[in-house]
Amino acid sequence: MSEENIKLTVSPSPHKRSVDTTRSIMLDVIIALMPALIMSVVLFGFRSLLVTAVSVLSCVLFEYIARKVMKRDNTIGDLSAVVTGILLAFNLPSTMPIWMVIIGDAVAIIVAKQFFGGIGQNFVNPALAGRIVLMTSFANAMSDYPAPFAWRNIAVDAVTSATPLSQMTSVYKAGDIDAAINAAGLPTLTNMFFGVREGCLGETCAVALLLGFIYLLIRKVISPVIPLCFVGTVAVIMLIAGKGSLTFTAYQLLSGGLLLGAIFMATDYTTSPISTKGKIIFAVGCGIVTSLIRIFGNLPEGVSFSIILMNILVPHIEHLTTPKPFGTLKEKKEKKEAAA
């Protein structure tokens, strides 16, 4: 073979090609979210489906308009806006007024995502940014949780007007935690596991979220490091705070949006660290902040704030944990050699 026929393609790393695309990954996430969506309809009625549909359509529309106005290539085909719409809806009660849902979608897509360049360049999770704005702007609407099966006029035992998580603060302050749990009239742990409790439409059914988690692991879309470290950190802290009460710990793990946040939002590629060490630091930080807010904060839930806070710290975590390229001298050695 002559030298003229030898051609070398020079390009930046990585050189390994994969069949995975943004669209295929987002499609897997959508599939993983379907069990929770189905259970939200079963528990809270078809308005859950309406809220989710409006949220998805609004996110796609806002992304299309924003990209047009900013004169950028349109990215609605990658399905990331669909995922954002579903996740934001899952963080809302099924009774949320539609116009408020649309405001949250606008914040998530236009402000948190497109203002920073679009997918891959946002520094916080868009769905959580939208939720926090709605939570601080429309607190009453965001806490208007319907009872499960109320849409079918079915009464469920041990379901109170307050969410289980909101009652755990008073339980924690009680002297005998297990006795306080029994006196609080909380749903049984079985009901908690299957979602028969009040809460946002996509966060209540633990079994549905775990099915989605297993699917994402099988498809190798996410690593188990962040969800396990996040939930594990909360479990350890709550076991200590609950004076060794396994019941208190179980209620904390099954209440609020811990599983939804740990599985589907803390694992966002753009806003979470790349290295395993970085993922562990990130997840443990999320667990610590979540636990501190739940125990000592004025708000019963801390998942959204913890993930957003750790999203902001991700560049620093990456700087500290990114492995050095092979053959690179450490800074201290370079200084010693320069001095010599």
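These are legends for a set of close-up views of one predicted model.

**View 1. The whole chain is built from helices.** The protein has 16 helices and zero strands. Its 340 residues are 50% buried. Take the contacts between residues at least 6 apart in sequence: 76% of them join residues at least 24 apart. Keep that in mind for the closer views below.

**View 2. The largest pocket holds about 720 Å³ of space.** Its lining runs to 29 residues, and I25, M26, V29, D268 and Y269 are the closest to the centre. If you want to find your way around by helix, look for α1 (22-44), α3 (80-90), α5 (126-137) and α13 (258-265), each of which gives at least two residues to the lining. Helix α1 provides the largest share, with six residues. As for chemistry, the lining of this largest pocket is a mix of 14 nonpolar, nine polar and six charged residues.

**View 3. The second largest pocket has about 400 Å³ of space.** Here 22 residues form the lining, and those nearest the centre are M142, S143, Y145, P300 and E301. At least two lining residues come from each of α5, α6 (139-142), α7 (164-173) and α15 (303-321). Sorted by class, the lining of the second largest pocket comes out as nine nonpolar, eight polar and five charged residues. Helix α5 is worth a second look, since α5 supplies at least two residues to the lining of the largest pocket and at least two to that of the second largest.

**View 4. One cavity of 30 Å³ or more is found in the structure.** The volume of this largest cavity is about 40 Å³. Around it sit N91, R131, E203, G257, M265, E301, V303 and S304. That lining splits into two nonpolar, three polar and three charged residues. You may recognise E301 from the previous view, where E301 was listed among the residues nearest the centre of the second largest pocket. For anyone wondering how such spaces are found, rolling a probe the size of a water molecule over the atoms shows where empty space is left.

**View 5. Helix α10 (residues 206-218) keeps its buried residues on one face.** The helix has 13 residues and reaches 18 Å from its first C-alpha to its last, close to the 18 Å expected at 1.5 Å a residue. Its buried residues are A206, A208, L209, G212, F213 and L216. Look down the axis of α10 and these buried residues fall within an arc of 165 degrees, so they line one face of the helix. The general rule helps here: an α-helix has 3.6 residues a turn, so residues three or four places apart point the same way. The cover over the buried residues of α10 includes α1, α9 (189-194), α11 (225-241), α12 (246-254) and α13. Just past the end of α10 comes K220, with a positive phi of about 60 degrees.

**View 6. Helix α2 runs through residues 47-69.** With 23 residues at 1.5 Å each step, α2 should span 33 Å, and its end C-alpha atoms are 32 Å apart, which agrees. The buried residues in α2 are S48, V51, T52, V54, S55, V56, S58, C59, F62, E63, A66 and R67. Among the elements covering them are α1, α3 and α4 (98-111).

**View 7. Two residues with positive phi sit in the loop between α2 and α3.** Most residues other than glycine have a negative phi, and most peptide bonds are trans. K71, which follows α2, is not a glycine, yet has a positive phi of about 55 degrees. L79 is not a glycine either, and its phi is positive at about 70 degrees. Are they buried or exposed? K71 counts as exposed, with 78% relative accessibility, whereas L79 counts as buried at 15%.

**View 8. G278 is tucked into helix α14 (residues 276-296) as a buried residue.** The relative accessible area of G278 is 0%. Leaving aside residues up to four places away in sequence, G278 touches P273, I317 and T321. The C-alpha atom of G278 is 8.2 Å from that of V314, although the two residues are 36 apart along the chain.

Technical notes
Residues are numbered from 1 along each chain as its sequence is written. This is a predicted model: local features need pLDDT of at least 70, side-chain atom pairs count only at pLDDT 80 or more; totals for chains, interfaces and linings use all residues. Side-chain values use heavy atoms; hydrogens and water are left out. On a 1 Å grid over the protein atoms alone, a cavity is a set of points where a 1.4 Å probe fits but cannot get out, and a pocket is an open set with protein on both sides within 12 Å along at least five of seven lines; lining residues have an atom within 4 Å of a point. Grid points are joined across faces, edges and corners, and a volume is the space filled by probe spheres set on the points. Helices (H or I, at least four residues) and strands (E, at least two) are DSSP runs, numbered from the N terminus. Ala, Val, Leu, Ile, Met, Phe, Trp, Tyr, Cys and Pro count as nonpolar, Asp, Glu, Lys and Arg as charged, and the others, Gly among them, as polar. The expected span of a helix is 1.5 Å times one less than its number of residues. Buried means under 20% relative accessible area, exposed over 50%, partly exposed in between (1.4 Å probe, protein chains only). The arc is that of the directions from the helix axis to the C-beta atoms. Contact means heavy atoms within 4.5 Å.
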